[in-house]
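User: I have a model open and want to go through a few local features. Can you take my questions as they come?

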Amino acid sequence: MIAPGLVVPRKRGEEVRQDLVDSGLLRVDLEIRHEDDMLVLPLVEGAGAIPPGWGKVVDREFREVPRKGPARYRDLLPWPDEEKALLPRAFDVVGDIVLIRLPAELDDRKVAVGEALLRFVPGARLVGLDHGVHGSDRRRTVERVAGSGAWTTRHHENGLELDVDVERAYFSPRLAREHARVAEAVGEGERVYDLCCGVGPFSLTIARGGRAGHITAVDANPVAISLLSATLARYPFRDRITALTAPVEQFLPSAPAVENLVMNLPHEGIKYLPSVARTTAPGGRIFYYEVVPRDGLEQRGTTLVKLLSPTAPFELLERRVVHPYSPGADMVAFVLERAR
Ligand SMILES: C[S@@+](CC[C@H](N)C(=O)[O-])C[C@H]1O[C@@H](n2cnc3c(N)ncnc32)[C@H](O)[C@@H]1O
């Protein structure tokens, strides 16, 4: 079958494949094509603009992945094709909970969609409509449409089992690769502040990596910190992480400077960036996340460096698109290093 695909060098294939999975853009019912030293990764229809730097989009003939059951959850719904066309291709799986965003036109069909997903996703227990995250603690509004039980679950990523409550504390299964990237960047014995840590995926992945000295994880939402503490209690590296319920604006002023600071509060984090900079040791790095309009991406790194310059000279080490956020904007990771 002919479908759009993303051409990437074979050596970057696994990294980009994981980014596409995290972004819900990889088409899993088609096989990846091998073309000399390049791979062509099949994309879901209507994937929209692929972030710059991920690769070139082409049309190719793909073979279907052999599968026992239906290839797509939509195949379980006996609807006319024009109605199936309204169904989103992507959904998220958090532990044994499936979350999906549905267009308003399908509101009266949400239970049927939920039941189809419950049958389709192996091990699924509960299906919820995802109405987005809101407020300063970024809690997700969810609506049960099929299945049973609580919104709490345990989610597996990067070799960890995280306690998650999809309703009462922020968690996204689309950032697994990002958590691992930051963990890989932390040096031997270095200290880390994980600011706005949520249920602690950055802290836990860094601690599991084994090189960090000590990690302090801070979040204003007490539910997030108690979930992190519950996860930590199961791991031998529990003493490497201190989990604190506090607003960052209260924590930062008296905190000693450290070598690594993670700040993942994409819409509001900018207001804390100058105090994050003051808490960065010479030679230390800030891993900062922001939603950036595509046409402003080139300039944004320079603007951030300028914003920090009254505190200290910083250099932009890396700027990476983590995943598309909306048709015109991406979630972007910036790594900023303070001069020694
Ligand atoms: C987008 S989530 C990121 C969670 C986590 N870092 C992750 O990657 O899964 C943002 C988090 O910031 C927390 N938050 C928002 N404002 C805060 C503040 N002023 N001080 C501390 N935490 C805050 C929220 O409670 C939420 O858990």
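User: Where is Cys-196 found?
Analyst: This is a predicted model. In it, Cys-196 sits in the loop between strand E11 (192–195) and helix H5 (201–209).

User: What is phi of Cys-196 near?
Analyst: Phi of Cys-196 is near 65 degrees, which is a positive value in a residue other than glycine. Most residues other than glycine have a negative phi.

User: OK, Arg-138 next. Which strands does the loop with Arg-138 lie between?
Analyst: The loop holding Arg-138 runs between strand E7 (126–134) and strand E8 (139–147). Phi of Arg-138 is positive too, near 55 degrees.

User: And why does Arg-138 count as partly exposed?
Analyst: Because its relative accessibility is 21%, and partly exposed covers the range between 20% and 50%.

User: Switching to pockets. What volume does the second largest pocket have?
Analyst: The volume of the second largest pocket is about 770 Å³. The lining has 30 residues, and Leu-26, Val-28, Arg-89, Ala-90 and Phe-91 are the closest to the centre.

User: Which elements give two or more residues to that lining?
Analyst: Helix H1 (13–22) and strand E5 (92–94) do. H1 gives the largest share, five residues.

User: How do the lining residues divide into nonpolar, polar and charged?
Analyst: The lining of the second largest pocket has 17 nonpolar residues, ten charged and three polar.

Note on methods
Residues are numbered from 1 along each chain as its sequence is written. This is a predicted model: local features need pLDDT of at least 70, side-chain atom pairs count only at pLDDT 80 or more; totals for chains, interfaces and linings use all residues. Side-chain values use heavy atoms; hydrogens and water are left out. On a 1 Å grid over the protein atoms alone, a cavity is a set of points where a 1.4 Å probe fits but cannot get out, and a pocket is an open set with protein on both sides within 12 Å along at least five of seven lines; lining residues have an atom within 4 Å of a point. Grid points are joined across faces, edges and corners, and a volume is the space filled by probe spheres set on the points. Helices (H or I, at least four residues) and strands (E, at least two) are DSSP runs, numbered from the N terminus. Ala, Val, Leu, Ile, Met, Phe, Trp, Tyr, Cys and Pro count as nonpolar, Asp, Glu, Lys and Arg as charged, and the others, Gly among them, as polar. Buried means under 20% relative accessible area, exposed over 50%, partly exposed in between (1.4 Å probe, protein chains only).
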